[in-house]
Amino acid sequence: MPLRARGPSGPIDPTSPSGLVEHYFRHEYGRLVSVLVRRVGLPHLEAVEDAVQGALLAALATWLVTGVPRDPGAWLFRVAHNHLAGALRKDRGHQRILAGAADQPPDGGEEPTSPAFDGEVRDELLRMLFVCCDERIPQESRLVLALKTLCGFSIGEIAFRLFTSEANVYKRLARARDRLREDDVNTQTPSLEALQVRLPSVHAVIYLLFNEGYLSTNAAHAIRAELCEEAIRLATLLAAHPVGSVPSTFALLALMHLHAARLASRQDGTGGLLLLEEQDRSLWNAEHLRQGATWLERAAHGDVFGRFHAEAGIAAEHCFAESFAETRWNAIADLYAMLERIDPSPIHTLNRAVALAEAQGPQAGLAALDGVVPPAWLDGHYLWDAVLADLHHRVGNTSTAKRHRDQALAAAPSVAVRQLLERRLTRRVG
Amino acid sequence: MSKHKYLVLFRNQPSVGQTAPSPEQMQQMFAAYKTWMEKFKDDILDMGDKLKSDGRVVSASGVADGPFVEAKEVVGGYMIVAADTYDGAVAVVRACPAVDAPGALLEIRELAGRKM
């Protein structure tokens, strides 16, 4: 069977042992939920999810005996649609909705690989992404809703990846669903154009999703990489559609690719974290670097220079420096200064101080932090104390350095981070 | 040496950890089964089928809905394998991913009169 592009659900890979591409079931889940929710309306989200789950279970049982059908996506759609129709029929109040949904052929025709079908799927996935990013849903609930409905993670898998309890994930999800039920009852999901105002919120959720994968310090590499891949997948979808095809989306993609390029090299062979200067630059992922550079170029249009532009620029300076020593620290400090203007935050000031210290010496770093009063969330955070410990030691304030060093080590959120700090601060201080 | 046919009954205890698998777990199960079926393709005569959960129980006194509601284990499916001995059949069945399902119990019975 020849490889065929099937849009977001991906091609069927005949070389895989199962005949299905990696994450096929998970991504089909997102595709089917999006398409079916569009047909029956958001208030039926849970019935839709149950129907899709049922269709995947049916596929598991049937495909083993019959083999994977020629068009598995169409097969799943037909079965999920039938499950859903059965469930809604039982619910007498929804007869009318079902009648409306029946206007469209339930099986999607025999040619679901046609451009029209692919286009529809792309639109529906994006629409669902925008629905998940409704500003009235609490931000942490948006992330969970997106992971559940679009990425097809179970509650247990989400809890595992976000380092929280299943009860907590369930609570966040319930809040999002309550919100979706309150509104939009008996109305169709809004058009993509109407949802376009939520683009910043969509960017924020994708960025959050990426960071959950990128920044978490206590899970296996493969698991963290998965969240990063999902964020890139959704952003790529967004960038390919008129509704999200704007420079800020491209900058976000550049930023994520450039960070993802370095993901594998951030850990040593035993799972410990490595400092940037210790990382083997030859391990950086060439494909991600290439993609990052391409998106960065596309982002450099229009008259808006946003936070993603600044962050992507910083990531690019690191990625395309020949070595740690040859990093253009002044350029990085300038980019952090821009970031501070766009999105004032003491964490950006702190990063600018680090860059300035590398470019012009520790005194310049301390000068940048002079008079900065850390807000409660940063005061006592290990990063704040670690930077101060390093800078104070380098200018010779030994006792102040030691005090910050002790505080940083005590506040380290994980063993891996504490070991990293010990190495960094001992080497510099010691 | 002629092979014997063995009926394999998939029993499970519905009360034991029956949370639905996630899509990713389903795909892993699918891949595991495919690998197993490929490995034992000459030994699995009939992949059989899953059995739906409802049924009828017929006795002299009449017909009732079944299966027996008081049964602790429910037969959820069957398949037929070929092997020289029970040990051979056990080897095929032990490697089956279904064995690892929570509460799963696979019963092997030789078909009496049907040598191959």
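**Notebook: helix packing, chain contact, salt bridges**

I started with two helices of chain A. Helix α10 (residues 199–215) of chain A packs against helix α12 (residues 247–261) of chain A at an angle of about 5°, and their axes lie 11 Å apart. Angles under 35 degrees count as roughly parallel, so α10(A) is roughly parallel to α12(A). I note that this is a predicted model.

Next I listed the residues in that contact. From α10(A) I have A:H203, A:I206, A:Y207, A:F210 and A:Y214. From α12(A) I have A:S248, A:T249, A:L252, A:L255, A:M256, A:H259 and A:A260. Sorted by class, the contact of α10(A) with α12(A) holds 8 nonpolar and 4 polar residues, and no charged ones.

**Second helix pair**

I then looked up α6(A) and helix α8 (residues 166–182) of chain A. The two pack at an angle of about 95°, with their axes 8 Å apart. The range of 65 to 115 degrees counts as roughly perpendicular, so α6(A) is roughly perpendicular to α8(A).

On the α6(A) side I found A:E140, A:S141, A:V144, A:L145 and A:K148. On the α8(A) side I found A:V169, A:R172, A:L173, A:R175, A:A176, A:R177 and A:L180. I sorted this contact of α6(A) with α8(A) too: 6 residues are nonpolar, 1 is polar and 5 are charged.

**Salt bridges**

How many salt bridges does the whole structure hold? My search found 27 over all chains. I looked up the one between the side chains of A:K148 and A:E49, at 3.0 Å, N to O. This pair links distant parts of the chain, 99 residues apart. A:K148 sits in helix α6 (residues 139–149) of chain A, and A:E49 in helix α2 (residues 45–66) of chain A. I had already met A:K148 in the contact of α6(A) with α8(A).

**Chain B against chain A**

I turned to the interface. Chain B gives 17 residues to the contact and chain A gives 22. The area buried between chain B and chain A is about 1700 Å², and carbon and sulfur atoms give 72% of that.

Which side chains form the salt bridge between the chains? I counted 1 salt bridge between chain B and chain A. In it, the side chains of A:R26 and B:E24 meet at 2.8 Å, N to O. I also have 7 residue pairs in polar contact across this interface, both residues at pLDDT 80 or more.

Last, I broke down the side of chain B that touches chain A. The elements giving two or more residues are α1 (23–39) and β2 (44–50) of chain B. α1(B) supplies the largest share, 11 residues. By class, I logged 10 nonpolar, 4 polar and 3 charged residues on this side of chain B.

Note on methods:
Residues numbered from 1 in each chain as written. Chains lettered and ligands numbered in written order. Predicted model: local features only at pLDDT ≥ 70, side-chain atom pairs only at ≥ 80, totals over all residues. Heavy atoms only, no water. Axes fitted to C-alpha atoms, helices over the stretch in contact; angles between N-to-C directions. Helix = DSSP H or I, 4+ residues; strand = E, 2+ residues; numbered from the N terminus. Parallel < 35°, antiparallel > 145°, perpendicular 65-115°, else oblique. Contact = heavy atoms within 4.5 Å. Nonpolar A, V, L, I, M, F, W, Y, C, P; charged D, E, K, R; others polar. Buried area = accessible area lost by both parts, 1.4 Å probe. Salt bridge = Lys/Arg side-chain N within 4 Å of Asp/Glu carboxyl O. Polar contact = N/O pair within 3.5 Å; in protein donor to acceptor, adjacent residues only side chain to side chain.
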